[in-house]
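Here are my comments on the model you sent, set out as numbered points. They deal with the pockets, the domains and the charged pairs, in that order.

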Amino acid sequence: MTYNITIIPGDGIGPEVTSQAKKALDAIADVFDHNFIYQTALMGACAIDETGNPLPDETVNLCKKSDAILFGAIGHPKYDNDPSAKVRPEQGLLKLRKALGLFCNVRPVKAYKQLLSKSPLKEERIAGTDISIYRELTGGIYFGEKKLSEDETVAFDGCSYSVEEISRITHLAFQEARIRKQKVTLVDKANVLETSRLWRKTVTEIAKEYADITLDFLFVDNAAMQMILNPTQFDVILTENLFGDIISDEASVIGGSIGLLASASIGNDTALFEPIHGSYPEAAGKNIANPLASILSAAMLLRHLKLEKEAALIEEAANKSLELGFITADINPDSPFSTSKVGDFIADYILNPEDTNRNFKNIFVGQSTII
Ligand code: IPM
Ligand code: MN
């Protein structure tokens with residue numbers, strides 16, 4: 001089959017990690033006889049530098065025409081440290097989410113067996129963690145009215161949600177729970193926020209259509225604590241935009257490295273796949289960043305295109321790289337592999353799963369003591 005994939009490398013480590021994901025996709029195309037047609041598009045600080053606009057129209061048009069989008073990362077310190085900057089890289093991503101109607105962000109968090117000892121959390125607490133975070137992505141305080149008083153001494157960010165915005169992601173979260181452990185936890189702040197009370201009411205109503213699913217509620221402050229104390233209690237977490245942003249970074253600690261967390265942003269038409277890590281500017285161009293989150297985002301992309309076997313093979317390759325220690329310094333500081341070598345390993349495994357150990361004995365000779 002032929003698929004059109006737009007790649008947006010973005011800023012910082014984005015280009016390095018997306019090119020490893022592309023290597024994995026190329027290997028998949030080879031093995032399964034698919035034809036992936038790639039287009040590359042600009043977004044973020046690099047787009048501002050080149051065009052003055054963090055999201056050129058051309059990027060939106062390409063994305064609209066493609067079957068799926070693979071995105072790297074966004075952001076640059078020169079903007080982070082300048083709160084008065086009128087044009088910011090992140091505006092590109094926020095506008096793209098809105099333009100493509102990507103209202104549902106799915107962030108899976110797993111405690112990989114091989115990495116239990118790498119997490120700063122106690123092994124016995126995190127073993128078995130398998131959470132799917134459903135974060136609302138095109139509403140709430142991110143997209144509310146913003147104001148700054150004329151004398152610049154008072155600022156305002158409005159937060160609103162409609163029943164429709166809450167309902168569409170809620171249905172997706174319940175459908176996901178059906179094929180998982182039949183539990184949805186709504187994370188909100190319904191003791192304080194009107195929007196949260198509307199979430200509770202709407203979600204409770206929808207839950208009646210899913211009698212097989214258990215619904216429970218947690219205030220976000222408590223949820224942040226529970227995520228560290230007892231993360232195995234969670235199955236699907238459903239939450240609004242800002243809470244989901246914060247909770248998912250927190251949850252990434254469970255996996256041992258934020259460099260492993262992939263995500264899917266889905267709407268009614270096309271979908272976008274990206275690591276949850278940022279642009280990590282300190283590492284840009286050094287070939288040291290962990291490419292697995294981007295590679296696992298490519299696996300989510302394939303699953304979204306209903307290419308289940310293909311997705312599973314990428315995940316198997318990623319597991320293998322963790323198992324054998326063919327991995328970057330964030331996880332393997334003693335004998336780290338470069339970003340591109342990890343990408344080579346993944347592609348090689350996909351092309352040749354039987355033979356990988358032997359091949360890599362030759363390719364990496366002298367670099368690691370693990371094999
Ligand atoms: C994320 C990021 C973005 C967000 C930023 C870059 C705007 O942190 O995808 O989680 O806050 O949504
Ligand atoms: Mn974030």
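1. Val106, Pro108, Glu176, Met300 and Arg303 are the lining residues that lie nearest the centre of the largest pocket, out of 27 that line it. Please keep in mind throughout that this is a predicted model. The volume of this largest pocket comes to about 910 Å³.

2. As to where that lining comes from, at least two residues are supplied by each of the strands β4 (104-110), β5 (130-136) and β11 (262-266), and likewise by each of the helices α7 (163-178), α11 (292-304) and α12 (308-324). Sorted by class, the lining of the largest pocket holds 16 nonpolar residues, four polar ones and seven charged ones. Both domain 1 (1-103 + 267-371) and domain 2 (107-257) contribute to it, with at least three residues each.

3. The second largest pocket has a volume of about 450 Å³, and 13 residues line it, with Pro83, Ala85, Arg88, Gln91 and Lys146 lying nearest its centre. Helix α5 (89-99) and strand β6 (146-148) each supply at least two residues of this lining, and α5 gives the most, with four residues.

4. What classes of residue make up the lining of the second largest pocket? There are six charged residues, five nonpolar and two polar in that lining. The second largest pocket, too, draws at least three lining residues from each of domain 1 and domain 2.

5. The domain assignment behind these statements gives domain 1 as 1-103 + 267-371 and domain 2 as 107-257, and the C-alpha centres of the two domains lie 24 Å apart. Across the boundary, 14 residues of domain 1 are in contact with 19 residues of domain 2.

6. The size of an interface is often given as the accessible area lost when the parts come together. For domain 1 and domain 2 the buried area is about 1,600 Å², and carbon and sulfur atoms give 66% of this area. On the domain 1 side, Phe103, Ile276 and Ile331 lose the most area to domain 2, and together these three residues account for 43% of what that side buries.

7. How many salt bridges are counted between domain 1 and domain 2? The count between the two domains is zero, although the overall count comes to 18 salt bridges.

8. Side chains of opposite charge can pair when their charged atoms come close. One such pair is formed by Lys23 and Asp344, whose side chains meet in a salt bridge at 2.8 Å, N to O. This pair links distant parts of the chain, with Lys23 in helix α1 (residues 14-32) and Asp344 in helix α13 (residues 339-351), 321 residues apart.

Key: Residues numbered from 1 in each chain as written. Chains lettered and ligands numbered in written order. Predicted model: local features only at pLDDT ≥ 70, side-chain atom pairs only at ≥ 80, totals over all residues. Heavy atoms only, no water. 1 Å grid on protein atoms, 1.4 Å probe; cavity = no way out; pocket = protein on both sides within 12 Å on 5 of 7 lines; lining within 4 Å. Points joined across faces, edges and corners; volume = space filled by probe spheres on them. Nonpolar A, V, L, I, M, F, W, Y, C, P; charged D, E, K, R; others polar. Domains from an automatic or database assignment. Contact = heavy atoms within 4.5 Å. Buried area = accessible area lost by both parts, 1.4 Å probe. Salt bridge = Lys/Arg side-chain N within 4 Å of Asp/Glu carboxyl O.
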